[in-house]
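Hi everyone, thanks for coming. I'd like to walk you through a structure that's probably new to most of you, so have a look at it first and then we'll go through it together.

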Protein chains: 2
Amino acid sequence: MTKSNDKATALRNDILAIKRERILSEAVDLFYENGYLSTNVDAIAQQLGATKPFVYYHFKSKIELLSDICSRLMLEALDVAEAAAGADAGPVEKLAQFAVGFTKLVLERHKHVSIYFREELNLPDDVKAAISDMRRKIDYRLRGILKEGVQTGEFHFSNVAVASQIVSGMVSYTFAWYDEARPLSKEAIIRQMLEQVLMSVGVDRARLDAVQKPQIA
Amino acid sequence: MTKSNDKATALRNDILAIKRERILSEAVDLFYENGYLSTNVDAIAQQLGATKPFVYYHFKSKIELLSDICSRLMLEALDVAEAAAGADAGPVEKLAQFAVGFTKLVLERHKHVSIYFREELNLPDDVKAAISDMRRKIDYRLRGILKEGVQTGEFHFSNVAVASQIVSGMVSYTFAWYDEARPLSKEAIIRQMLEQVLMSVGVDRARLDAVQKPQIA
């Protein structure tokens, strides 16, 4: 293949990716506003100023759109958990990184999170299974961080499985109350979440002040 | 009216109430398993071993079932918040009562909570408005408790609106991970939730041990 052929292929792939993103983004808005079952591919095409065959060229079916929205979200969440668990730092700093990364993600993708919680039942079984597997991996990473903190004597709670779910809940639930119209900045929410997550597992307030704050803005 | 007429009326009302409860309970199970839009009144009647007209005699429509399930849940949650905020106790004990009462309710009604989060979009506008109003009242009560704790110097966080949502999130999200098949007892979850909620708003661990624990079991 010549160099100009390579470039043409790369350009074609870029354009394909951009088109897929545009379709997904409209689907997210419509599923979020009206629900998955009440949204049809016609409405998505119309919103894009395109035709139904255009959408079907990029996605086999409406369910593929929903599956993509939910799977990608969970993959991003898993990336956050793995980066935090693998950081070259102590458990307090790892948990801080987890809290900041996860809250950022939920704020950024609050429509995706809403759609996932609402429409989980409508996902195909294989996608459901893949997502459950990612959720288990996230929980495993978070429990790892929490156990380390118990060992160093910085965290204090009875049961690590419950603590992991409570921490996940604090950050995940942000989707349900975060409102773009609110006067609170994302940075303020993330900063307070970081502090309350650390306190919730028993980190002393004196130790909090010494936490290496991860990049927030 | 004679006394025996009174008794007959009371009995008739009791039976009506029992029938409504049975219908609601089947509707909860089916909406939870299959989703609101995928469940029809036929299926609810069939599950009850009754006819469709029997269901329609007690509930005008399927939407009235959904509305009842969600409104009652929020009313119970509001009762918990008002009882806690109105307790003759300091803010730490009030928050403990809130955490225990709310977690108990979410564990007891985890199917209702799931249905509410999934199907909120399908509620009629007047029911949506009434539920939003109850949610605002719950938040108002919780913020009241949190402000008291800041004043007594027992709670430590930056913004009371964010803290209120974070605490609500910790307890509400239990619906998403609580599994009746898990080996954890409800009591163990409630006890740990109580401790982690108090720590999350900055209550010292030494003060935790002195908390008058509300009735858990």
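Okay, let's start at a spot inside chain A: between domain 1 of chain A and domain 2 of chain A, the count is 3 salt bridges. Before I go on, please keep in mind that this is a predicted model.

So where do those two domains sit in the sequence? Domain 1 of chain A covers 1-59, and domain 2 covers 63-217. If you take the centres over C-alpha atoms, domain 1 of chain A and domain 2 of chain A are 29 Å apart. Each domain puts residues into the contact: 15 from domain 1 of chain A, and 15 from domain 2 of chain A.

How much area is buried between domain 1 and domain 2 of chain A? It's about 1400 Å², and carbon and sulfur atoms give 66% of that. On the domain 1 side, three residues stand out: A:Val28, A:Tyr32 and A:Tyr36 supply 46% of the area that domain 1 of chain A buries against domain 2, more than any other three residues.

Now let's zoom out for a second. Chain A has 11 helices and 0 strands, so you can read its pattern as α-α-α-α-α-α-α-α-α-α-α, given that helices and strands here are DSSP runs numbered from the N terminus. Along its principal axes, the C-alpha trace of chain A spans about 60 × 45 × 40 Å.

Let's pick out two of those helices. In chain A, helix α1 takes in residues 3-34 and helix α4 takes in residues 62-85; their axes come within 10 Å and cross at roughly 90 degrees. That's why we can call α1(A) roughly perpendicular to α4(A). And who is doing the touching? From α1(A) you have A:Arg20, A:Glu21, A:Ile23, A:Leu24, A:Ala27, A:Val28 and A:Phe31, and they meet a set in α4(A) that includes A:Leu65, A:Leu66, A:Ile69 and A:Arg72. The residues of this α1(A) to α4(A) contact divide into 8 nonpolar, no polar and 6 charged.

Two of those names also turn up as a pair: the side chains of A:Glu21 and A:Arg72 meet in a salt bridge, 2.8 Å from N to O.

Helix α1 of chain A has another salt bridge to show you. A:Lys111 pairs with A:Asp29, and their closest N and O atoms are 3.0 Å apart. This one links distant parts of the chain: A:Lys111 is in helix α6 (residues 110-119) of chain A, A:Asp29 is in helix α1 of chain A, and they're 82 residues apart.

Last stop, the other chain. Here 38 residues of chain B are in contact with 38 residues of chain A. The area buried between chain B and chain A is about 3500 Å², with 61% of it from carbon and sulfur atoms. In chain B, the residues that lose the most area to chain A are B:Ile166, B:Tyr173 and B:Gln192, together 19% of what that side buries.

How many salt bridges cross the interface of chain B and chain A? There are 2. B:Arg205 forms a salt bridge with A:Asp204, where the closest N and O atoms are 3.3 Å apart. Over all chains, the structure holds 36 salt bridges.

That's my tour, so over to you.

Definitions and conventions
Residues numbered from 1 in each chain as written. Chains lettered and ligands numbered in written order. Predicted model: local features only at pLDDT ≥ 70, side-chain atom pairs only at ≥ 80, totals over all residues. Heavy atoms only, no water. Axes fitted to C-alpha atoms, helices over the stretch in contact; angles between N-to-C directions. Helix = DSSP H or I, 4+ residues; strand = E, 2+ residues; numbered from the N terminus. Parallel < 35°, antiparallel > 145°, perpendicular 65-115°, else oblique. Contact = heavy atoms within 4.5 Å. Nonpolar A, V, L, I, M, F, W, Y, C, P; charged D, E, K, R; others polar. Domains from an automatic or database assignment. Buried area = accessible area lost by both parts, 1.4 Å probe. Salt bridge = Lys/Arg side-chain N within 4 Å of Asp/Glu carboxyl O.
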